[in-house]
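Work through the exercises below with the sequence and the 3D view side by side. Try each task before reading its solution.

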Amino acid sequence: MESSIKKMNREDWADFINNLINNSTYEVIGVKAKGKRFIFAPLESADELRLDYDTTILPPKKYFLPQYENLLSFDLSKQSVNIEMKEEKRIIIGVHPYDIIALQQMDKVYFDTYIDRFYKIRRENTIIIGSNILNVSERSFATSMKAHTVTSGYDLMVTDIGSSIIIEIGTERGKKLMERYATNITDATEAEIKKIEEIVESIESKDRKLKVDKENIPNLLKRNYEHPIWRELSEKCLQCSSCTIVCPTCYCFDIRDEVSLDLQGKRIRTWDGCLLPDFTRIASGEVFRKDKTERFRHRFYRKGLYIPERYNFIACIGCGRCSIACIPDIADPFNVINKIAEDSEETRGEIIFEIPVTRGGEEETAYIPRNGIIRRIEKLTEFEKLFEIELEDSIDFNYQPGQFVEVSILGVGEAPISISSPPIKKGSFELVVRRVGNVTNKLHTLREGDKIGIRGPFGRG
Ligand code: SF4
Ligand code: SF4
């Protein structure tokens, strides 16, 4: 059987690229250096192509969903409309696996209920030549998002192994392109194929690692809608939406008409971003996501919860571009998810809420907390919650009006909280807690059934 993994020496690879640039009907796009960073742009010669890049400023999304696009032209004086659908043919060389996965995600969105013909024609007319990652971006966590390697979504996949270029054929279209424009192609040896595996494994060891499995992100977010991180970080947000502009999986756009004095007009589609204050402005002028914190949080929930619920994938492939683009450095999903995970049960193997020994009696509870189980949580305001606590040891808990308990969370600390239920209440007691510090902020992230430590009651009542 013919092998689908081929190789070329470096000179033949360069000839192949130059042949595509000079003799094919395609516009040839590739990764080029721009200062110290990299961009996707038209190639003028094979010498410009950089397969050793870490990540590009913008993803290849711009060739399928342009930043500014004319959907149709019209003439108001004649009441005529003209749809200009260009059939641009392109080859994009050097697309990393995470960007290929991002394009596959975009396909699901743009081919959903209504097929976007503009996007579809560009997808069909574009040949993707992928490239395995050789250098890992310092902000990448693609391995944790299982996006550092890919098995479909490309016509050809190349790996620069130093001595030669290894080429995996992904589609018939890719195979024909090689047959027509490349020379001196031979089968890759087993040792050369093994080298690809080694390169992929080396990425895994260099990438940043999330503290939760990708599959647990939706649940983690579900439980942390009120986490203080949303307000803390959003206070620094410049509302520039750079994080969505550079993101390969963000797909929102706005449409507007532009009309000139001679009554000629264009209907324009431009990228839009959910961090922008006007993103949710509707015709009546109402803005239904007015608060900066809500917009900041929404970006994470859209990617990590709402899209997974609808399409069954997390709309983040861990490229780290948003993290690089964000001036106050608050947009990085890696940092946000890890911080929430540290504060939550999802943190692997760490039990921080359970007190190992449960004791009863006034003397013993002076310094050693008793286990309290949170039986009920009621949100009273944005900052206050009521917690109903039942002591696990079932030993009577007698208190006077005005007394307090020390609420204790191992690894975080203790905080004195007044008991808000009347002493006639038996079996459990209630605490109304405003989140203002480490312990109370942590307490606000807990859910019914979680355990906390209780000392007391204290005070004279
Ligand atoms: S999170 Fe950062 S990049 Fe995004 S809008 Fe705010 S400041 Fe801009
Ligand atoms: S959210 Fe950030 S890390 Fe995730 S895909 Fe978008 S740009 Fe990349």
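**Exercise 1: Strands and a hairpin**

Four residues make up the hairpin connection between β13 and β14. The model is a predicted one.

Task: Find the strands that pair with β14, and decide whether β14 is enclosed or not.

Solution.
- Step 1. Start with strand β13, residues 370–379. Seven bridges pair β13 with β14 in the antiparallel sense.
- Step 2. Pick out one position: Ile373 is opposite Glu390 of β14.
- Step 3. Turn to strand β17, residues 429–434. Six bridges pair β17 with β14, again in the antiparallel sense.
- Step 4. Check a bridge here: Glu384 has Arg434 in β17 as its partner.
- Step 5. Look at burial. Strand β14 covers residues 384–391, and seven of its eight residues are buried, so β14 is largely enclosed by the rest of the structure.

**Exercise 2: A second strand and its partners**

Task: Describe how β15 pairs with β16 and with β18.

Solution.
- Step 1. Locate β15 at residues 404–409. Five of its six residues are buried, so the rest of the structure largely encloses β15.
- Step 2. Follow β15 to strand β16, residues 413–418. The two run antiparallel and are joined by six bridges. Ile409 has Gly413 of β16 as its bridge partner.
- Step 3. Inspect the turn. The hairpin of β15 and β16 has three residues between the strands, and Gly411 takes a positive phi near 90 degrees.
- Step 4. Go to strand β18, residues 451–458. Four bridges pair β18 with β15 in the antiparallel sense. Ser408 has Gly453 of β18 as its bridge partner.

**Exercise 3: Aromatic pairs**

Task: Classify two of the 19 aromatic pairs in the structure.

Solution.
- Step 1. Take Tyr110 and Tyr251. Their ring centres are 6.3 Å apart and their planes stand at 80 degrees, so this pair is edge-to-face. The cut-off for that class is over 60 degrees.
- Step 2. Place the two residues. Tyr110 is in helix α2 (residues 97–110), while Tyr251 is in the loop between α8 (242–245) and β11 (253–259). They are 141 residues apart, and the pair links distant parts of the chain.
- Step 3. Check burial. Tyr110 is buried at a relative accessible area of 5%, and Tyr251 is buried at 13%.
- Step 4. Take Trp230 and Phe300. Their ring centres are 5.5 Å apart with planes at 45 degrees, so this pair is tilted.
- Step 5. Place them too. Trp230 is in helix α7 (residues 229–234) and Phe300 in helix α9 (residues 292–311), so the pair ties together parts 70 residues apart in sequence. Both Trp230 and Phe300 are buried.
- Step 6. Widen the view. Tyr110 and Tyr251 belong to one aromatic cluster with Phe64, Phe111, Tyr119 and Phe253.

**Exercise 4: Cysteines and ligand 2**

Task: Decide whether Cys250 is in a disulfide or in none, then sort the residues around ligand 2.

Solution.
- Step 1. Search the whole structure: the count of disulfides is zero.
- Step 2. Test Cys250. The nearest cysteine sulfur belongs to Cys247, 3.8 Å away, and Cys250 is in no disulfide. A disulfide needs the sulfurs within 2.5 Å.
- Step 3. Check burial. Cys250 counts as buried at 15% relative accessibility.
- Step 4. Move to ligand 2. The residues around it include Cys247, Cys316, Cys319 and Cys322. Arg299 and Lys303 are also among them.
- Step 5. Sort the shell: eight residues are nonpolar, two polar and two charged.

Conventions:
Residues are numbered from 1 along each chain as its sequence is written. Chains are lettered from A and ligands numbered from 1 in the order in which they are written. This is a predicted model: local features need pLDDT of at least 70, side-chain atom pairs count only at pLDDT 80 or more; totals for chains, interfaces and linings use all residues. Side-chain values use heavy atoms; hydrogens and water are left out. Buried means under 20% relative accessible area, exposed over 50%, partly exposed in between (1.4 Å probe, protein chains only). A residue is near a molecule or strand if one of its heavy atoms lies within 4 Å of it. Ala, Val, Leu, Ile, Met, Phe, Trp, Tyr, Cys and Pro count as nonpolar, Asp, Glu, Lys and Arg as charged, and the others, Gly among them, as polar. Two strands pair if DSSP finds at least two bridges between them. Rings of Phe, Tyr and Trp (its six-membered ring) pair if their centres lie within 6.5 Å; planes under 30 degrees apart count as stacked, over 60 as edge-to-face and the rest as tilted.
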